[in-house]
Amino acid sequence: MKEVLLSIIKDDSRVIIEQIDEKYLSDNLGRKKGTARAVVFPVSTDEVSQVMRYAWEHAIPVTPRGAGTNLVGSTVPSGDGIVLDVSRMDHILELDEATFTATVESGVILEDFQAFVESRGFFIRRIRVKREPPSAAISAPMQEACGLSNTA
């Protein structure tokens, strides 16, 4: 698996095979723990596609991960799969002010996006308090919308 992932993600600092940090294997509160054989940090949709193709062809489970808030356990990996951490895909690509829509990568932090649109006059500015851990990534509401969380 390591050789294939390194052929896709050509930066060995963005592929973890051994000694995977527990933060990639559990929810934010440490309630649930999982297992994985690898963690990858793609920086492009092409890398995501190639990792997903490899996983599909070899029946390897993939667990997507954003900012890691993971309060509902939806990104706790299961089995000997791959954690696909999109946190480095954190660019705001476009803001269409006419239609009030934005195109962003899935690792954009909601708090950063809020600040971005506020800086363009779209929301009333409010006092910010630094959050630890950071607020959820754009990918978190998508999991909820797709029914991937366990919350009612």
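In what order do the four strands of the open sheet come? They run β1-β2-β4-β3, with mixed pairing. Keep in mind that this is a predicted model. The edges of the sheet are β1 (15-16) and β3, each of which pairs on one side only. Strands of a sheet in general pair through backbone hydrogen bonds, either parallel or antiparallel. Here β2 and β4 run parallel and are joined by three bridges, and β3 is also parallel to β4, with four bridges between them.

Let's stay with β4 for a moment. Ile82 and Leu84 point one way from this strand, Val83 and Asp85 point the other way, and all of them are buried. To find the partners across the sheet, look for Val40, which stands opposite Leu84, and for Thr63, which stands opposite Val83.

Thr63 itself sits in strand β3. Is Thr63 buried or exposed? With a relative accessible area of 11%, Thr63 falls under the 20% cut-off and so is buried. Setting aside neighbours within four places in sequence, Thr63 is in contact with Thr75, Val76, Pro77 and Ser78, and also with Ile82, Val83 and Leu84.

Now bring in the helix. α2 lies across β2, β3 and β4, and runs at about 165 degrees to β4. That leads us to the largest nonpolar core, a set of 16 residues in which Met1, Leu5, Val40, Val51, Tyr54 and Ile82 have the most contacts. Four elements each supply at least two of its residues: α1 (2-8), β2 (38-40), α2 (45-57) and β4 (82-85). Which of them gives the most? That would be α2, with four residues. In soluble globular proteins, nonpolar side chains tend to be buried together. Val51 is a handy place to stand if you want to look around this core: beyond its neighbours within four places in sequence, Val51 is in contact with Leu5, Ile8, Ile9, Val40, Ile82 and Leu84. Apart from this core lies another one, of eight residues, among them Ile20, Leu25, Ala36 and Phe41.

Not everything buried here is nonpolar, though. Glu47 belongs to helix α2, and at 10% relative accessibility Glu47 counts as buried. Which residues does Glu47 touch, leaving out those up to four places away in sequence? They are Ile8, Ile9, Arg14, Phe41 and Pro42. The C-alpha atoms of Glu47 and Leu5 are separated by 9.6 Å, and these two residues are 42 apart along the chain.

Phe41 turns up again when you look at the rings. There are two aromatic pairs in the model. One is Tyr24 with Phe41, edge-to-face, at 5.6 Å centre to centre and 80 degrees between the planes. Tyr24 lies in the loop between β1 and β2, and Phe41 in the loop between β2 and α2, so this pair ties together parts that are 17 residues apart in sequence. Both Tyr24 and Phe41 are buried. Phe41 has a charged visitor as well: the charged end of Arg88 sits over its ring, 4.6 Å from the centre.

The other pair is Phe100 with Phe122: the ring centres are 5.6 Å apart and the planes are at 90 degrees, so this pair is edge-to-face. Phe100 comes from the loop between β5 and β6 and Phe122 from the loop between α3 and α4 (139-145), so parts 22 residues apart in sequence are tied together. Phe122 counts as partly exposed, at 27% relative accessibility, whereas Phe100 is exposed, with a relative accessible area of 65%.

Phe100 is worth a look for its backbone too. Most residues other than glycine have a negative phi. Phe100, however, has a positive phi, near 55 degrees, and lies between β5 (92-96) and β6 (101-104). Ala59 is another such case, with phi near 55 degrees. Ala59 sits in the loop between α2 and β3 (62-65) and counts as exposed at 69% relative accessibility.

Finally, walk along α3 (residues 110-119). Glu111, Phe113, Gln114, Phe116, Val117 and Glu118 are buried in this helix, and what covers its buried residues includes β5 and β6. After α3 comes Gly121, with a positive phi near 80 degrees.

Definitions and conventions: Residues are numbered from 1 along each chain as its sequence is written. This is a predicted model: local features need pLDDT of at least 70, side-chain atom pairs count only at pLDDT 80 or more; totals for chains, interfaces and linings use all residues. Side-chain values use heavy atoms; hydrogens and water are left out. A nonpolar core is a set of buried Ala, Val, Leu, Ile, Met, Phe, Trp, Tyr and Cys residues joined through side-chain atoms within 4.5 Å. Buried means under 20% relative accessible area, exposed over 50%, partly exposed in between (1.4 Å probe, protein chains only). Contact means heavy atoms within 4.5 Å. Two strands pair if DSSP finds at least two bridges between them. Axes are lines fitted to C-alpha atoms, for helices over the stretch in contact, and angles run from 0 to 180 degrees between N-to-C directions. Rings of Phe, Tyr and Trp (its six-membered ring) pair if their centres lie within 6.5 Å; planes under 30 degrees apart count as stacked, over 60 as edge-to-face and the rest as tilted. A charge sits over a ring if NZ of Lys or CZ of Arg is within 6 Å of the ring centre and within 35 degrees of the ring normal.
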